[in-house]
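Welcome! Take a moment to turn the model around on your screen before reading on.

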Amino acid sequence: LEKRCAQILGKEFAGANLPVDETAGPVRLLGFVGLPSASRGRAHAQYPAGSPVAINGRLTVQGSNLVNECGNVVQLRGMSANSSAPICANAAGLALLDNDWKIDVIGMAMFDRVYWPGPDDLVGGYVTDPAGWKQWIDNMVDLAGQWGIYCMIDWHILYRGDPMFDINDAREFWEYMATTHSGKEHVIYEICNEPNGIKPDGTPVDWPRVKQYADDIIPRIRQRDPASIIIVGSPDWSTGVDAAADNPLQYPNIMYAYHSYAGTHDINGSTTNKNKIEYAMGKGLAIFVTEWGMTNASGQGGIYPAESQVWVDWMKLKKISWVNWHWSDWHEGSAALGATSENKRACELGNWNDLTASGQWIKPRIASPDEFSCGGPPIPVISSSGTANGTVGQNFSYQITASNNPTSYGATG
């Protein structure tokens with residue numbers, strides 16, 4: 001019943017837990033002229049009504065745009081979690097991101113390797129526990145689906161930089177992910193985040209190197225999940241979309257990652273951000289900003305609100321989807337959550353509102369209303385005080401009605 005109420009009346013009403021006596025009797029749904037457009041005749045009605053996935057359905061790439069099932073351009077906004085702070089990516093954290101932050105997409109950054117403190121001191125990452133990390137991602141994909149949020153699985157190659165370095169692990173990882181999550185409308189794949197560094201021959205990791213990797217991985221995903229969105233990184237820590245535009249991949253539903261940090265990258269500079277992206281989009285590439293932060297590129301230091309606002313406004317104008325770095329309580333300026341004490345962190349204690357300056361600034365930019373459109377009447381919004389009174393042992397009645405003239409939805413019990 002709760003699931004069906006969520007589909008019809010919205011998950012906030014379904015989960016309100018009104019203090020009604022248990023003998024009040026069944027809830028009756030009355031007077032349906034038609035169902036909301038998000039669920040009427042659509043294969044993705046299993047997602048909660050009014051959620052990003054329920055409204056937009058399976059996303060596709062048309063030209064340089066990300067579009068929904070109705071062919072309308074969409075901009076997704078959200079946060080990136082990561083495998084170096086897995087305690088922050090759990091059911092409670094995602095519930096808050098959905099209910100309070102109103103995110104459309106959650107990024108799941110899976111580091112292939114983590115080195116600390118030295119460049120050869122391997123301390124974590126996928127290669128150290130493949131089975132455990134698969135379970136972590138699978139769980140978050142399922143949770144995102146329950147909330148109707150898009151989930152971007154991100155193979156994070158920051159430390160070694162060369163996407164071919166762990167090619168065998170990448171093949172196994174993506175074959176598993178594409179098999180396990182095939183056909184799920186809310187799943188997006190980012191196959192190599194931030195290519196950088198040096199190839200074995202001593203030359204920089206360039207677009208041909210990334211393309212070589214993509215041409216190996218993409219067919220493996222497509223064989224198992226033919227219709228998903230696949231995002232491909234670009235050279236120089238995912239800033240080289242202009243190079244990709246001159247020699248693009250030849251597959252449908254491909255997007256290209258761009259990364260930016262407000263304290264390092266000048267949006268109006270001749271060789272960064274706006275010009276590179278506009279050049280790539282002008283050649284037909286679809287861009288997804290899969291990582292951007294308010295600090296400098298190291299993630300450290302203070303935030304740059306003015307520069308960040310220019311960047312956010314421009315991405316909105318261009319309908320470019322973005323994910324902010326990052327949903328964690330690391331001791332760095334780009335983290336959204338702050339430490340509550342020297343030894344215990346916000347995620348460990350469940351202090352999800354213990355926000356850093358970056359978290360405080362970015363939250364309302366995500367929570368502002370989406371501009372999704374997929375035809376039909378809008379989803380009704382239920383307003384209620386959230387309380388009701390009754391006498392124990394006696395029947396109790398109530399009625400809630402939402403109207404979208406000329407369509408109305410009601411419930412009594």
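This report goes from the whole chain to its cores, then to one helix, one loop residue and the enclosed spaces.

**The whole chain**

Please keep in mind that this is a predicted model. The protein chain holds 13 helices and 15 strands. Of its 413 residues, 54% are buried. Now look at contacts between residues with a separation of 6 or more: 72% of them join residues 24 or more positions apart.

**The nonpolar cores**

In soluble globular proteins, nonpolar side chains tend to be buried together. Here the largest nonpolar core has 78 residues. Which residues have the most contacts inside this core? They are Trp-101, Trp-174, Ile-191 and Val-232. A second, separate core has 21 residues, including Tyr-47, Val-74, Val-105 and Ile-231.

Trp-101 is a good residue to click on. Setting aside residues up to four places away in sequence, Trp-101 touches Met-79, Leu-96, Trp-327, Ala-336, Leu-355, Gly-359, Ile-362, Lys-363, Ile-366 and Ala-367.

**Helix 4, from end to end**

Helix 4 covers residues 91-101. At its N-terminal end, Asn-90 acts as a cap, with a side-chain oxygen 3.3 Å from the backbone nitrogen of Ala-92. Along the helix, the buried residues are Gly-93, Leu-94, Ala-95, Leu-96, Leu-97, Asp-98 and Trp-101. Just after the helix comes Lys-102, which takes a positive phi of about 60°.

Leu-96 is found in this helix. Is Leu-96 buried or exposed? Its relative accessibility is 16%, so Leu-96 counts as buried, the cut-off for buried being under 20%. Not counting neighbours within four places in sequence, Leu-96 is in contact with Trp-101, Trp-327, Trp-352 and Asn-353. One of these partners shows how the chain folds back on itself in space: Leu-96 and Trp-352 are 256 residues apart along the chain, yet their C-alpha atoms are separated by 7.5 Å.

**A buried residue in a loop**

Next, find Asp-162. Where does Asp-162 sit? Its place is in the loop between strand 8 (150-156) and helix 6 (167-180). Asp-162 counts as buried because its relative accessibility is 6%. The side chain of Asp-162 reaches the backbone nitrogen of Met-164 at 3.0 Å. Beyond neighbours within four places in sequence, Asp-162 is in contact with Ile-157, Asn-196, Ile-198, Lys-199, Pro-200, Val-205 and Arg-209.

**The enclosed spaces**

Rolling a probe the size of a water molecule over the atoms shows where empty space is left. How many cavities of 30 Å³ or more are there? The count comes to 2, and the table puts them side by side.

| Cavity | Volume | Lining residues by class |
|---|---|---|
| Largest cavity | about 70 Å³ | 7 nonpolar, 3 polar, 2 charged residues |
| Second largest cavity | about 40 Å³ | 6 nonpolar, 1 polar, 2 charged residues |

To find the largest cavity, select some of its lining residues, among them Ser-64, Val-73, Met-255, Ala-286 and Lys-318. The lining of the second largest cavity includes Arg-58, Tyr-150, Glu-185, Val-187 and Ile-229.

Conventions: Residues numbered from 1 in each chain as written. Predicted model: local features only at pLDDT ≥ 70, side-chain atom pairs only at ≥ 80, totals over all residues. Heavy atoms only, no water. 1 Å grid on protein atoms, 1.4 Å probe; cavity = no way out; pocket = protein on both sides within 12 Å on 5 of 7 lines; lining within 4 Å. Points joined across faces, edges and corners; volume = space filled by probe spheres on them. Nonpolar A, V, L, I, M, F, W, Y, C, P; charged D, E, K, R; others polar. Core = buried A, V, L, I, M, F, W, Y, C linked by side-chain atoms within 4.5 Å. Buried < 20%, exposed > 50% of the residue type's maximum accessible area, 1.4 Å probe, protein only. Contact = heavy atoms within 4.5 Å. Helix = DSSP H or I, 4+ residues; strand = E, 2+ residues; numbered from the N terminus. Polar contact = N/O pair within 3.5 Å; in protein donor to acceptor, adjacent residues only side chain to side chain.
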